[in-house]
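Let's take a walk through a protein model together. Have the sequence and the 3D view ready, and turn the view around as you read.

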Amino acid sequence: LEWQHVTVISTDKKNKESKCNYCFVIVKGSATRIRAHLGHIEGQGISKCPNVPPKVRELFQKERLHAVGYTGNAVPWESDSDDSGVKED
């Protein structure tokens with residue numbers, strides 16, 4: 001998926017390099033770093049692409065949420081409700 005958005009410069013195992021098709025920055029490293037660049041995902045040591053189309057950015061963000069196990073069905077926690085399951089007499 002990410003390879004559609006970059007131009008591969010070098011496939012050397014130790015120094016993989018790709019060029020972003022939107023901002024032309026050179027991305028060194030794995031596909032994870034490319035996804036982080038395009039999806040504006042922090043923590044990968046790569047800049048966010050300033051020119052990535054919103055639909056492409058959202059695609060990589062959704063992919064990341066799916067990878068970490070977020071289903072989108074989370075129910076907000078309310079502190080004033082009693083969910084302990086203990087019946088009072």
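What follows goes from the whole chain to the sheet, then the core, then a few single residues.

**The whole chain**

Keep in mind that this is a predicted model. The protein chain holds two helices and three strands, and along the sequence they come in the pattern β-β-β-α-α. Of the 89 residues in the chain, 21% are buried. The chain exposes about 6900 Å² of surface, and carbon and sulfur atoms supply 51% of that area. Contacts that link residues 24 or more positions apart make up 26% of the chain's contacts with a separation of 6 or more.

**The sheet**

How are the three strands ordered in the open sheet? The order is 1-2-3, and the pairing is antiparallel. Strand 1 (6-10) and strand 3 (26-28) sit at the edges with a single partner strand each, so one side of each has no neighbour in the sheet. If you look at how neighbouring strands cross, they are turned by 30° against each other on average, with direction ignored.

Now zoom in on strand 2, which covers residues 17-20 and pairs with strand 3 over three bridges in the antiparallel sense. In that pairing, Lys19 stands opposite Ile26 of strand 3. Helix 1 (residues 31-39) packs on this sheet and touches strand 1, strand 2 and strand 3. The direction of helix 1 makes about 140° with the direction of strand 3.

**Helix 1 and the core**

In soluble globular proteins, nonpolar side chains tend to be buried together. Here, the largest nonpolar core has 13 residues. Which of them have the most contacts inside the core? They are Cys20, Ile34, Leu38, Cys49 and Val52. The elements giving two or more residues to this core are helix 1 and helix 2 (54-67), and helix 1 gives the most, with three residues.

Helix 1 has these buried residues: Ala31, Ile34, Ala36, His37, Leu38 and Gly39. Take Ile34 as an example: leaving aside neighbours within four places in sequence, it is in contact with Glu2, Trp3, Val6, Ser18 and Val27. Just after helix 1 comes His40, which takes a positive phi of about 55°.

**Four residues up close**

Here are four residues side by side, with where they sit and how much of each is open to the outside.

| Residue | Place | Relative accessible area |
|---|---|---|
| His5 | segment before strand 1 | 8%, buried |
| Ile9 | strand 1 | 45%, partly exposed |
| Ser18 | strand 2 | 3%, buried |
| Tyr22 | loop between strand 2 and strand 3 | 24%, partly exposed |

Why does Ser18 count as buried? Buried means under 20% relative accessible area, and Ser18 has 3% relative accessibility, so it counts as buried. Not counting residues up to four places away in sequence, Ser18 touches Trp3, Val6, Thr7, Val8, Ile9, Val25, Ile26, Val27 and Ile34.

Ile9 is one of the residues on that list. Leaving aside neighbours within four places in sequence, Ile9 is in contact with Glu17, Ser18, Lys19 and Ile26. You can also check a distance here: the C-alpha atoms of Ile9 and Lys28 are separated by 9.7 Å, and the two residues are 19 residues apart along the chain.

Next, find His5 and Tyr22. Which polar contact does the side chain of Tyr22 make? Its partner is the side chain of His5, at 2.7 Å. With neighbours within four places in sequence left aside, His5 is in contact with Lys19, Cys20, Asn21, Tyr22, Leu38, Val56 and Phe60.

Tyr22 has a list of its own, again not counting residues up to four places away: His5, Leu38, Cys49, Asn51, Val52, Pro53 and Val56. Leu38, which belongs to the buried residues of helix 1, is touched by Tyr22 and is also in contact with His5. Finally, Tyr22 and Pro53 are 31 residues apart in sequence, yet 8.4 Å apart in space, C-alpha to C-alpha.

Conventions
Residues numbered from 1 in each chain as written. Predicted model: local features only at pLDDT ≥ 70, side-chain atom pairs only at ≥ 80, totals over all residues. Heavy atoms only, no water. Pairing = 2+ DSSP bridges. Helix = DSSP H or I, 4+ residues; strand = E, 2+ residues; numbered from the N terminus. Axes fitted to C-alpha atoms, helices over the stretch in contact; angles between N-to-C directions. Contact = heavy atoms within 4.5 Å. Buried < 20%, exposed > 50% of the residue type's maximum accessible area, 1.4 Å probe, protein only. Polar contact = N/O pair within 3.5 Å; in protein donor to acceptor, adjacent residues only side chain to side chain. Core = buried A, V, L, I, M, F, W, Y, C linked by side-chain atoms within 4.5 Å. Areas by Shrake-Rupley, 256 points an atom, 1.4 Å probe, with all protein chains shown as cover.
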